Amino acid sequence: MTTDQIILFALFATVFGMLLWGRFRYDLVAFSALLIGVVLGVVPVDDAFAGFGHPATIIVALVLVVSAGLVRSGAVFLITRTLVDASRGLGSHIALMGGIGAVLSAFMNNVAALALLMPVDIQTARKAGRSVGLTLMPLSFATILGGMATLIGTPPNIIIASIRAETLGEPFRMFDFAPVGGIAAIAGLAFVSLVGWRLIPNRGPQTETSEVLAEYIAELTVPPESPHIGKRVSELYEAAEKSDVAIIGLIRDGKRRYGRSAHTTLKQGDALVLEARPEALDEFRAALKLDFSDTRRQELLTAEGDGLEVIEVVAPESARITGRTAQGLGLAWRQSTVLMGISRQGRRITEQVRKTEVEAGDILLLLCPRDRSADVTEWLGCLPLAQRGLNVTANDKAWLAIGLFAAAVLAASVGLIYLPIALGLVVVAYVLTKIMPIADIYNHIEWPVVVLLGSMIPLGSALETSGGTELIANALVQLTNGMPAWAILTVLMVVTMTLSDVLNNTATAIVAAPVGIQMARTLEVSPDPFLMTVAVAASAAFLTPIGHKNNTLVLGPGGYRFGDYWRMGLPLEILIVAVSIPAILVFWPL
């Protein structure tokens, strides 16, 4: 083993270890590893940032923008509002939602598809009076399965197609993944809708978080001769933080001022509107010598009726608040919004909530000015858990958006135009036709994924150039020596699946695809079945909530625990292996 190989293996081991640890975000980990690789000389300086201009990186970014355009045009909402009905039985609902999610995921980013359908599913579950935990995990799995069927459905397929182009001179086309990925998706959907959902622990209907915290809104008045008369409201913030109290607004002469009262000078009789637990409220009242209002108000509906709104959002890994506290982020003074509670894997956090670090998958209960809820949600980078007036353009642009996208897919599929160019033209057309405001384009690109791809691609290339992938491939070939073709592919699929269950599926594909190609070269057979094996396996991350972003997104809203996923995920992965390997050998023979 050469020095370069040792350094690169050590870098990849460190990256994988850091991703498993989860202490630092994956984009920072990958970018740091890239820079260290350049400094140590194992990644050429000229290639250091080549990954950011790589076709795979560009396609992933453009697919995210196109997905946002389809949602904004009303195209996707048109489908969901016509097909979804709360009166259907549980199995029928899961089959329908799963089918919609899978089809959408085949043509738009699967994370975006889940983000769109999750509020619909939660709303339907609440209307039907059943636990949303019975339907969210099947929906997540369905959107992951649907992404396997096309080139643009999931980043691993895009990466594998690009690696094939670099190695063999021609990429996979749009629907080359459909025969294998489509069969795996159909089989997986049938299992999820008929059997899989029955394996999920049923912990009963989820209690509305807003109802649980309703009692924590109160008013305290400034008494005569109070030492705080003449002070600004902002001067009380430090004392409020010490008591774990949030000052929401001020009432003066019957007029309520929410969020913008920080610089108001206090007068006798002013009432401070506060969010606090009862014991914290009493502590704050005693410390500042304030009085209760004539009518002690502890009803959240009163506050909601006077210009405030309670919203529930889920924090994805890329959210601005993930890994930070509301206090550290300055949520209250930046956005006039109070974090009232956090729900984490079914457990509610209501004490010292503004000083609690938010984790990916947490549900956040926010109290914000009614006219700013959409802006606050977007600023945080969170996803709403209820449909609150979707921000879409006129419905007459829905078919235009679909037509432009369909034309681009068709042109790229028959080889008339290079896929990144086709998607780029769709984005330009969306802007020119005012389907997508140009100011919103960059907000919909998931920059951490772009940085991850841009960083890992040069590292993967360096590992291949140094002969590192050949070492791994030879080890797998020796392990499977004398085995039939189906057994060799099964070993590769299981190894890749295992990595994808605990690591980012994008990183898994970048490492596993060159290994698959090298195994094929060693065995002197076609590399395509090996690449298809990696494509299916890299996306089939169903055992844990960390293997795929969709699984992380439903963790909090579904009230799941870490160990809940394997119950349905393990038999599903076994089924995927059982149907995919024969399909690969039929459609992509050795």
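Which helices are included in what covers the buried residues of α8? Keep that in mind as you read these notes on a predicted model.

1. **The whole chain.** Let's start with the overall picture. The secondary structure of the protein chain comes to 25 helices and 10 strands. Along its principal axes, the C-alpha trace spans about 90 × 55 × 50 Å.

2. **A check on the fold.** A compact globule of 590 residues would have a radius of gyration near 25 Å, and the protein chain has 26 Å, so the two agree. Of the 590 residues, 57% are buried. Take the contacts with a separation of 6 or more: 79% of them join residues 24 or more positions apart.

3. **Surface and charge.** The protein chain has an accessible surface of about 23,900 Å², and carbon and sulfur atoms account for 59% of that. It carries 43 positive and 49 negative side chains, with the centres of the two sets 6 Å apart.

4. **Helix α8, a good one to find on screen.** Look for residues 155-168. With 14 residues at 1.5 Å a residue, α8 should span 20 Å, and its end C-alpha atoms are indeed 20 Å apart. Just past this helix comes Gly169, which has a positive phi near 90°.

5. **How enclosed is α8?** Because 10 of its 14 residues are buried, α8 is largely enclosed by the rest of the structure. The buried residues include Pro155, Pro156, Asn157 and Ile158, and Arg164 is also one of them.

6. **What covers it.** Back to the opening question: the cover over the buried residues of α8 includes α3 (55-72), α7 (133-147), α19 (447-465), α22 (505-523) and α23 (528-539). Try colouring these helices to see how they sit around α8.

7. **Ala165, a residue to compare.** Ala165 also belongs to helix α8. Its relative accessibility is 27%, so it counts as partly exposed; the cut-off for buried is under 20%. Leaving aside residues up to four places away in sequence, Ala165 touches Glu170 and Pro171.

8. **A closer look at α3.** This helix is among those covering the buried residues of α8. It has 18 residues and reaches 26 Å from its first C-alpha to its last, close to the 26 Å expected at 1.5 Å a residue. α3 is itself mostly covered, with 15 of its 18 residues buried. Just after α3, Gly74 takes a positive phi of about 90°.

Definitions and conventions:
Residues are numbered from 1 along each chain as its sequence is written. This is a predicted model: local features need pLDDT of at least 70, side-chain atom pairs count only at pLDDT 80 or more; totals for chains, interfaces and linings use all residues. Side-chain values use heavy atoms; hydrogens and water are left out. Helices (H or I, at least four residues) and strands (E, at least two) are DSSP runs, numbered from the N terminus. The radius of gyration is taken over C-alpha atoms; the globule rule is 2.2 Å times the number of residues to the power 0.38. Buried means under 20% relative accessible area, exposed over 50%, partly exposed in between (1.4 Å probe, protein chains only). Contact means heavy atoms within 4.5 Å. Accessible areas come from the Shrake-Rupley method with a 1.4 Å probe; for residues, only the protein chains shown count as cover. Lys and Arg count as positive and Asp and Glu as negative; His and the chain ends are not counted. The place of a charge is taken as NZ of Lys, CZ of Arg, CG of Asp or CD of Glu. The expected span of a helix is 1.5 Å times one less than its number of residues.
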